[in-house]
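Notebook open, structure on screen. I'll jot down what I look up as I go.

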Amino acid sequence: MTDKTAAGPTRRKPAKRKPAAKPAAQKPRRKRAKKTLGDDFLAAVRADFRAYGAGVIAQVRADKPDQYLKIVLSVLPKDFDATINQMDGLSDDEIRSRIRALETIVKPFLEEPGDVREDGISGAAGGA
């Protein structure tokens, strides 16, 4: 038997380390893997709105102005601060002058070419 200790300590070679496994290229995770019922519903509403939205809104505005106003109010932010009645601080004369100014702006849009009578009064204002 040979004495290994007499020959001196044997040097071991350091064990080779395996390189750390690089993580496989991970795809970014979607926030939610499954669509929920709410997502499906909103997608259907979005598609319907894109197809018919503008026409329906115009029809609701004309036929049901109270419902139209509810829609408008529902999309405004909750902290939206609007003064409802801006006319409280105006005198009657100021209100009349504002109405007249608005009438002159709107009048060309309300008249049709054959809508003006011989005396220059439009059909819209003729009865007033």
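Which residue forms a salt bridge with Asp93, and how far apart are the closest N and O atoms? I looked it up: the partner is Arg96, and the closest N and O atoms sit 3.1 Å apart. Note to self that this is a predicted model, so I treat every value here as computed.

**Entry: the salt bridge**

I checked where the pair sits. Both Arg96 and Asp93 belong to helix 3, which covers residues 92-110. They are 3 residues apart, or about one turn of that helix. Next I asked about cover: is Asp93 buried or exposed? Asp93 is exposed, at a relative accessible area of 57%. Arg96 comes out as partly exposed, with 42%; the cut-off for exposed is over 50%. I then looked for the total, and the count for the model is 1 salt bridge.

**Entry: the chain overall**

I went through the secondary structure and noted 4 helices and 0 strands. Read from the N terminus, the order is α-α-α-α. How much of the chain counts as buried? I get 3% of the 128 residues. The exposed surface of the chain is about 13200 Å², and carbon and sulfur atoms supply 58% of that area.

**Entry: helix 1 against helix 2**

I wanted the geometry of this pair. Two packed helices are described by the angle between their axes and the distance between the axes. Helix 1 spans residues 37-63 and helix 2 residues 65-75. Their packing angle is about 125°, and the axes lie 5 Å apart. Angles from 65 to 115 degrees would count as roughly perpendicular and those over 145 as roughly antiparallel, so I put the two helices down as oblique to each other.

Which residues of helix 1 make the contact? I listed Ile57, Val60, Arg61, Ala62 and Asp63. From helix 2, the contact uses Pro65, Gln67, Tyr68 and Ile71. Sorted by class, I have 6 nonpolar residues, 1 polar and 2 charged in this contact.

Note on methods. Residues numbered from 1 in each chain as written. Predicted model: local features only at pLDDT ≥ 70, side-chain atom pairs only at ≥ 80, totals over all residues. Heavy atoms only, no water. Axes fitted to C-alpha atoms, helices over the stretch in contact; angles between N-to-C directions. Parallel < 35°, antiparallel > 145°, perpendicular 65-115°, else oblique. Contact = heavy atoms within 4.5 Å. Nonpolar A, V, L, I, M, F, W, Y, C, P; charged D, E, K, R; others polar. Buried < 20%, exposed > 50% of the residue type's maximum accessible area, 1.4 Å probe, protein only. Areas by Shrake-Rupley, 256 points an atom, 1.4 Å probe, with all protein chains shown as cover. Salt bridge = Lys/Arg side-chain N within 4 Å of Asp/Glu carboxyl O.
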